[in-house]
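Work through the exercises below with the sequence and the model open. Try each task before reading its solution.

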Amino acid sequence: MERRVEGEEEEEEQSLQNFLTWAAELGITDSPPPNPSQSSLKPSNPPSCLGKSLTVSHFPNSGGRGLAAARHLTKHELVLTVPKSALITSDTLISMDNKLCCSIRRYPNLSSSQMLSVCLLAEMGKGRSSRWHTYLMQFPRSYDTLAGFARFETQALQVDDAIWAAEKAVSKAELEWKEALPLMRELEFKHQLITFRSWLWASATISTRTMHIPWDEAGCLCPVGDFFNYAAPGEDSIGSEYEDSCTQFSSLQVSSSSKNKDLERELDTRPVEEHSQRLIDAGYEEDVGAYCFYARRNYRKGEQVLLSYGTYTNLELLEHYGFILTTNPNEKVYIQLEPDVYSNSWPKESLYIQPDGKPSYALLCALRLWATPPNKRKSVGHLAYSGQLLSRENEMHVMRWIENKCCFLLDNVPSSVEEDICLLDFADKLKYSHLNETKQMPLACEVETAAFAKANGLKTVGEFSFSNKAKRSMERWKLAIRWRLRYKQILVDCITHCTTTMDHLSSQRIPCLRTDLLSFVDK
Ligand SMILES: C[S@@+](CC[C@H](N)C(=O)[O-])C[C@H]1O[C@@H](n2cnc3c(N)ncnc32)[C@H](O)[C@@H]1O
């Protein structure tokens with residue numbers, strides 16, 4: 001969840017009100033006509049920004065500031081439109097700034113996201129004289145995306161793949177910043193705006209808030225539209241299979257360089273009459289000339305109205321948006337197989353443990369074939385690929401293998417599920433009081449807490465009148481612990497699943513599809 005500096009609530013409230021008034025003047029409305037393509041947005045509609053369909057509210061456990069239903073909303077109903085003139089892209093900012101326009105042309109090798117970052121920083125440098133000042137003030141001051149993770153926070157992820165993803169995100173951001181430095185120097189940015197810290201802020205703003213548009217890969221910043229918090233596809237809408245598959249489209253986007261194929265697909269821009277066939281909950285509509293947002297399901301008054309940014313694992317959410325979901329239907333614990341298992345040619349991304357602890361379809365198929373004697377594989381390939389259990393022994397073998405793998409992975413991380421829960425509990429309490437309870441902690445927690453204190457220049461772990469920097473580090477540390485805890489819980493659930501399956505297999509006479517298919521691996 002995003003944080004703002006404490007003690008500024010009143011000021012923030014005033015700033016929000018100013019922003020919403022400004023947004024209404026720009027024609028941003030949550031009282032759009034039922035079919036905006038048949039009615040001009042201006043000037044017949046009274047200025048309205050929030051209160052008609054939506055209202056700004058706080059949801060401490062699901063995104064902080066977000067949008068709530070101001071009344072009963074019906075599935076597929078149009079709830080917000082943001083006209084094109086209110087969207088911010090690199091082009092918008094360049095067109096209003098001659099110096100920026102002349103300089104940026106000399107750097108054609110910068111990516112569209114790098115260009116938008118530079119434009120955003122240039123706009124920030126203008127302070128109150130920026131046309132967008134009121135809106136820019138609504139952005140968080142810091143983010144928890146992986147690129148901003150310091151060494152201690154990265155190590156707290158504990159799992160190699162996750163540590164690697166964080167290190168890669170940091171080095172990518174550094175490289176992009178260095179590439180953009182000559183342009184920022186040419187533009188004579190103030191020292192504060194040229195720092196890596198400011199770059200991280202600008203690129204995280206783009207990563208967490210831009211929305212897909214067809215004419216700029218970096219996307220656009222969409223005032224008010226970017227107040228929608230996230231619900232995973234499938235989680236928020238109880239719909240048909242058709243709807244579930246379609247909610248994989250996203251309006252909020254990750255940077256084009258991350259190559260998320262889902263997000264590169266064209267968005268649906270069909271008219272509102274085709275509501276029942278609508279593929280997404282938001283998108284730019286050329287015929288309306290506005291970004292349009294639709295309710296993805298029915299909402300009761302006061303409920304948070306959510307948007308699906310796309311299908312993400314928790315690590316991806318952390319990388320691009322700086323948060324994770326405790327219940328994420330798209331979470332995956334990837335399982336690395338030996339090279340001989342890959343001969344079955346399953347893509348690596350299909351081999352994982354699901355959030356409910358069950359092995360993925362592909363993982364089961366791959367292991368069932370692998371546990372079959374090589375000379376029998378061809379003849380049973382069609383059964384394995386159609387997801388069928390091959391024999392009791394084969395299945396027992398597969399379950400034992402997965403169970404051992406999960407145990408191995410759990411043994412190779414520095415702390416257990418129980419220790420992580422204890423550490424999270426401790427970190428939560430630290431916010432409220434001075435504590436010196438580390439002596440009652442399990443050793444692993446004590447060691448990690450001491451490492452946190454050291455990384456943040458605190459003399460003792462009991463010294464918790466934190467600086468803002470230490471508070472932000474604490475938030476990222478907690479995110480890392482929550483991420484790895486979920487990872488471990490899935491492995492534990494998988495072990496339970498394997499044990500239960502093996503018990504079931506041993507107690508029952510499972511008809512063998514092929515009695516000759518005894519696993520060969522034990523022999
Ligand atoms: C597009 S903004 C949404 C509005 C944002 N809460 C605000 O106050 O401006 C996306 C950011 O909101 C937060 N967020 C969105 N959905 C969330 C969720 N379900 N749980 C936690 N944080 C969420 C994350 O920090 C994310 O980067």
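**Exercise 1: a loop residue with unusual phi**

Task: Where is His76 found, and is this residue buried or exposed, or in between?

Solution. Start with the chain. His76 sits in the loop that joins β2 (64–69) to β3 (78–83). Bear in mind that the model is predicted. Next, check the backbone. The phi of His76 is positive, about 75°, and the residue is not a glycine. Most residues other than glycine have a negative phi. Last, count neighbours. A residue is buried at 20 or more C-beta atoms within 10 Å and exposed at 12 or fewer. His76 has 18 C-beta neighbours inside 10 Å, so it counts as partly exposed.

**Exercise 2: a second positive phi**

Task: Place Glu188 in the chain and classify its exposure.

Solution. Glu188 lies in the loop between α7 (160–186) and α8 (191–194). Its phi is near 55°, again a positive value in a residue other than glycine. Now apply the cut-off: 12 or fewer C-beta atoms within 10 Å means exposed. Glu188 has 11 C-beta neighbours inside 10 Å, so it counts as exposed.

**Exercise 3: the nonpolar core**

Task: Which residues have the most contacts inside the largest nonpolar core, and which helix gives the most to this core?

Solution. The largest nonpolar core has 120 residues. Those with the most contacts inside it are Val79, Val82, Tyr291, Val305 and Trp483. Helix α19 (residues 468–507) gives the most to this core, with 11 residues. Now take Val82 and set aside its neighbours within four places in sequence. Its contacts are then Ile28, Leu87, Cys222, Pro223, Val224, Gly225, Ala290 and Tyr291. In soluble globular proteins, nonpolar side chains tend to be buried together.

**Exercise 4: the shell around the ligand**

Task: Which residues come nearest to the ligand, and how does the shell divide by residue class?

Solution. There are 18 residues around the ligand. Gly63, Arg65, Thr208, Asn229 and Tyr230 come nearest. Then turn to the elements. Those giving two or more residues to the shell are β2, α9 (196–209) and β6 (229–230). The largest share is three residues, from β2. By class, the shell holds seven nonpolar, seven polar and four charged residues.

**Exercise 5: a long span**

Task: How many residues apart are Asn98 and Leu443 in sequence, and is Asn98 buried or exposed?

Solution. Asn98 belongs to helix α3 (residues 98–104). Asn98 and Leu443 are 345 residues apart in sequence. In space, they are 60 Å apart, C-alpha to C-alpha. Asn98 has 9 other C-beta atoms within 10 Å, so it is exposed.

Definitions and conventions. Residues numbered from 1 in each chain as written. Predicted model: local features only at pLDDT ≥ 70, side-chain atom pairs only at ≥ 80, totals over all residues. Core = buried A, V, L, I, M, F, W, Y, C linked by C-beta atoms within 7 Å. Helix = DSSP H or I, 4+ residues; strand = E, 2+ residues; numbered from the N terminus. Contact = placed C-beta atoms within 7 Å. Near = placed C-beta within 6 Å. Nonpolar A, V, L, I, M, F, W, Y, C, P; charged D, E, K, R; others polar.
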